[in-house]
Amino acid sequence: MRRLFVLVSLLLTLIVLAEKPIKIGAILPLSDITGRQAANAMKLAVKEINDAGGVLGRPIELIVMDDEMKPEKGAAAVDKLATVDKVDFFVGGMSSSVHLAQIPILKKYKKITVWIGAASYKCEEAVGADSDWYFHLHPWDYLQGESYAIGWKAITEKYPQVKIEKIFLAYEEGAFGTSSFKSYQDEFELAKQGTGVWTGLMKDLKGGPFKSAALGGGDYRAMLLQAKQYDPDLFIWAGYDADAIPMLSQAKEIGFSPKLFVGAPPGWPADFGKNPLSNGVVLYGMWAPALKDVSAIAKHFWDAYVQEFNEEPATYFAPLGYTNIYFLIEAIKKAGSIDDKAVIQALREIEYESPVGGVLKISPSRIIKNQGFRAQKILQWQNGVQHVIWPFEYATANLIYPFPGWSTK
Amino acid sequence: MKRIFNLYTFFLLLLVVVALVRPYAFFYGLQRGSLYSLIALPLALILGIVGLLNLAHGDFLTLGLYIGYILFNQFKFDPILSMIFIAPILFVIGLAVYKSTIEKVLKSHHLNLLLITFGVSITLVELINSLWTSRPRNVYVTYATKSISLFGISIGAYEFLYVAASIAVLLVIMLVLKKTRFGQAAFAVGQNPRGAAIVGINVKLVYTITFSLATAMMAVSASLMMPRVSIFPNLGGPFTMKSFCLTAMAGLGNLPGILLSGITLGIAEAIVQSIPGYSGWSDLVFFGVLILVIAFRANRGAER
Amino acid sequence: MKTLSIIAVLALAIILPFIADIYLIHVVSTIMIFMCLALSWDMMLRTGQLSFGTAGFFGLGAYAAIIAVDDFNVNPVMSIFVGAVFAALTSFGLGIAVLKLREMYFAITTLALTSVFTVLARNLSDLTGGAAGKILFNAIFDGDPKKTYWLILSFTIVVIVLSEIFERTRVKYAISSIRNDELVAKSSGINIFKYLLIVFVITSAIQGAAGAIYAQQYAFVEPDSTFSANFLLLPIAMALVGGIYSTIGPIVGALVLGFTSEYLKLLMPYGHLIIYGIIIVLTVIFLRKGVYGTIMEKIRSK
């Protein structure tokens, strides 16, 4: 009898130990659509995994903190998750400046961190080369520039009529826009010397800054006039979602209609596709809703998200948040424990087919060892739908070239 | 008098020179500057009469834009025409906000008024954010992107409405203040509330009506801007700040000065933006001119 | 009794890192930074001058400190003095030009100066790192939160003492007479301009030092977030919520609003800022003299 009691209590302790959840702490800007949808997608992933029995026989617990887009709040959230909630892993991220404030704190704990935000190269410098525990899934700003070159090269081969020699980059004057421009300038210097990815493609580059509508600006006409005078083959603007339609309507107003009109904001305004101006606009992005027609995992994610939250994923941070959780959990599964070394090793080895479109595999970037996605996609708005043009394996439509212009809009 | 005349002549001459040398900067600056003035006028009115620096000013503009967006999206209402609906709705909202918050603290320290509008601003912005998310909305009508030829250059026609509207709104305000009984009462309250109360003016009522009317006036800028801007929760903040700047540059109680200041700053900004490679400095010129004008007038003793 | 409670609070503040978790220490550190800004803003307000330049000098100090460490190898602790001195010198030069202005004109000019600083920080990229900002690889004390806390605490104590000196000495007499009636102050022989300049320079130095500490704590500066309007509006709200024209008011206000915003967020992850705004509105309506002022009034009337 007594032996039985000991055995039962031992078993019970084992079950309790096994049932103790693996805690993941997420830090996101919940008042912004990117952060809110990323948090939703993370909750969805956690729910799916727990419904399937968790990982290593343990359930997952997700604790989400709002960074309010304020650096000091985002940094304090790291301390809270680490010391009060005692989480095992950090995930999340959006704004680069919030992340800059978090990096010194993250370095203090050295817990495994899998980050989906913060594209600024300054963040990579701040993290440094020795941070084995740090995994960055979002492409750095300079990686994005490289990937477009690869994309356009492939496109010019497939569509010989497409010419991309003169590029005009309109960039918002904040950190996001200027670092985009800087990376293009660096690539252009390399291209002139005959090295680098843009070689043979970019022959001339010109930039024009503007003040984003998101920060109280929104008059682009002076800059657009300069662009019109320059007459580029490819016009790109790097700004925010609030700039999208005013930029188009002002381009229409001054009659500026380049052969390729490209936008590279992190998100698009609501109903952009329904706006007649949008037709034929090319965009850079990590993801498009249309991917659900060519990728099973993207379809699964889309349907599950819509069913769970009764809204459509509107930004790529939704599939990215979902990826964030699954990628980490797959690694834990492979590692067979949540021991740091084993999980780091596993994170570096696994390949994860992501709803963002593409296989996620860690490789080194300029400074850090653990970089995830490297490429953006080249997409195009066609009749209200974001279609994938490149990579061709995910293509959902052919490129409309040249940009149809304004006469029918 | 002669000195003022000289100043205006100088200013006009400067404008002509700018128009000849950089016509695009001149027209763009004129259009933008008029919009700034159009938004600043109600703020100056509230400041002049109620003595309230309204930090939630721009957020009422945002609210007006969202109302117009709904009218356009649900009922296909023309943005400019929707003014007639936005104005009364904003009037009621302004009245409700005034009665429930500002009026209750009128008698305490004037900085408490500033703080309460700060609280109202946060609440409005976050309420808008939770109702419509941070994703921008847009209203598209083809006529807002038409261009006309002027003196040999092609220029966007729509934003000249800003110029016309700011002049019209200014004239209406001036007329109301001078010719109507309410306007005269409001003017007297702005000059000296205690004196006005003694001669039997209902100061409380004047405050209420002024605040609500000024809020309703934001319908003009909201409906005119609608087809040209993205509508999102934080849109208002920068416009509140620009309105403060214009009011300070014009000097308290100087309504025509707001139009003048707006156009000056708009053109100064546009000139810098038109110089390739230097457009990042346009804010410096905007605020530099502002500081210089305020300091210049202070040294003449106007602000003492 | 009063001395005793001050000693008790001080002792608690000093030993806090031994009894509280790191999160609380971090939250209190941030609150103290904002408390210093609120105090400095109030110190200026006591002269009758409404300043909207808090964020501007905060940012200047932050940039000066980061540049001092990164480009001139200054010790991070010393760089806080660099930030303070740089803000003080700038405010001295500017003060001569703008302190003649009164009321709204002074307020808007200081606000405009903040924008000018931001544009400079964004465009002088060789020195400031431009729009992307500038980072340090290591935070101050290698990110040790307890040492950082004590540093901020010491700084806060200095600011509180300064504010009390202003309250109790001849300066107080001079500045409150400027506020109440400038003409009378002038005729009683007070050199208004000199006192205004002294107060402006000292408060700017406090703001510069606060910015420097903040920048060293998080090891970066970036134009938009370093000159953010948060560093202007929140301190003002704190001072007003607590009660202006005093030392204790901004302290209480910073604690109340600081803890409210942080713990409200834990209670309701979505929409907590709506409640925060409503709390501010209600405080103004029901506690007209600020939290502290109203409580004291209630106690006295009993």
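Domain bounds in this report come from an automatic or database domain assignment. The structure is a predicted model, in which local features need pLDDT of at least 70 and side-chain atom pairs count only at pLDDT 80 or more, while totals for chains, interfaces and linings use all residues. Residues are numbered from 1 along each chain as its sequence is written, and chains are lettered from A and ligands numbered from 1 in the order in which they are written.

**Domains of chain A**

The assignment divides chain A into domain 1 (2-139 + 292-360) and domain 2 (142-291 + 377-394), and the C-alpha centres of these two domains of chain A lie 31 Å apart. Contact, which requires that the C-beta atoms of two residues, placed from the backbone, lie within 7 Å, involves 19 residues from domain 1 of chain A and 15 residues from domain 2 of chain A. On the domain 1 side, helices H2 (33-51), H4, H10 (296-309) and H11 (317-335) of chain A each supply at least two residues; helices (H or I, at least four residues) and strands (E, at least two) are DSSP runs, numbered from the N terminus.

**Helix H6 of chain A**

Helix H6 (residues 141-158) of chain A has 18 residues, which at 1.5 Å a residue should span 26 Å, and its end C-alpha atoms are 26 Å apart, in agreement; the expected span is 1.5 Å times one less than the number of residues. Its buried residues include A:Tyr142, A:Leu143, A:Trp152 and A:Ile155, where buried stands for 20 or more other C-beta atoms within 10 Å of a residue's own, exposed for 12 or fewer, and partly exposed for values in between, with C-beta atoms placed from the backbone. The buried residues of H6(A) pack against H5, H7 and strands S10 (282-285), S13 (377-382) and S14 (385-390) of chain A.

**Contacts with chain C**

Chain A brings 30 residues into contact with 26 residues of chain C, and the largest share of the chain A side, eight residues, comes from H3(A). Between chains B and C, the contact takes 31 residues from chain B and 30 residues from chain C, with H5(B) giving the most to the chain B side, 12 residues. The table gives the composition of each side by class, with Ala, Val, Leu, Ile, Met, Phe, Trp, Tyr, Cys and Pro counted as nonpolar, Asp, Glu, Lys and Arg as charged, and the others, Gly among them, as polar.

| Side | Nonpolar | Polar | Charged |
|---|---|---|---|
| Chain A, touching chain C | 12 residues | eight residues | 10 residues |
| Chain B, touching chain C | 19 residues | eight residues | four residues |

**Backbone features**

Most residues other than glycine have a negative phi, and most peptide bonds are trans. A cis peptide bond nevertheless joins A:Trp390 and A:Pro391, with omega about 5 degrees, and the bond from A:Tyr401 to A:Pro402 is also cis, with omega near -5 degrees. B:Thr133, in the loop between H5 and S1 of chain B, has a positive phi of about 60 degrees although it is not a glycine, and B:Thr133 counts as partly exposed because it has 19 C-beta neighbours inside 10 Å. C:Tyr245, in the loop between helices H12 (230-242) and H13 (248-267) of chain C, has a positive phi near 60 degrees; with 18 other C-beta atoms within 10 Å, C:Tyr245 is partly exposed.

**Confidence in chain B**

Chain B averages a pLDDT of 90, and 96% of the residues score at least 70, on the predictor's scale of confidence in each residue from 0 to 100. Among the elements of chain B, helix H1 (residues 2-21) has the lowest mean pLDDT (74) and helix H4 (residues 83-100) the highest (96).
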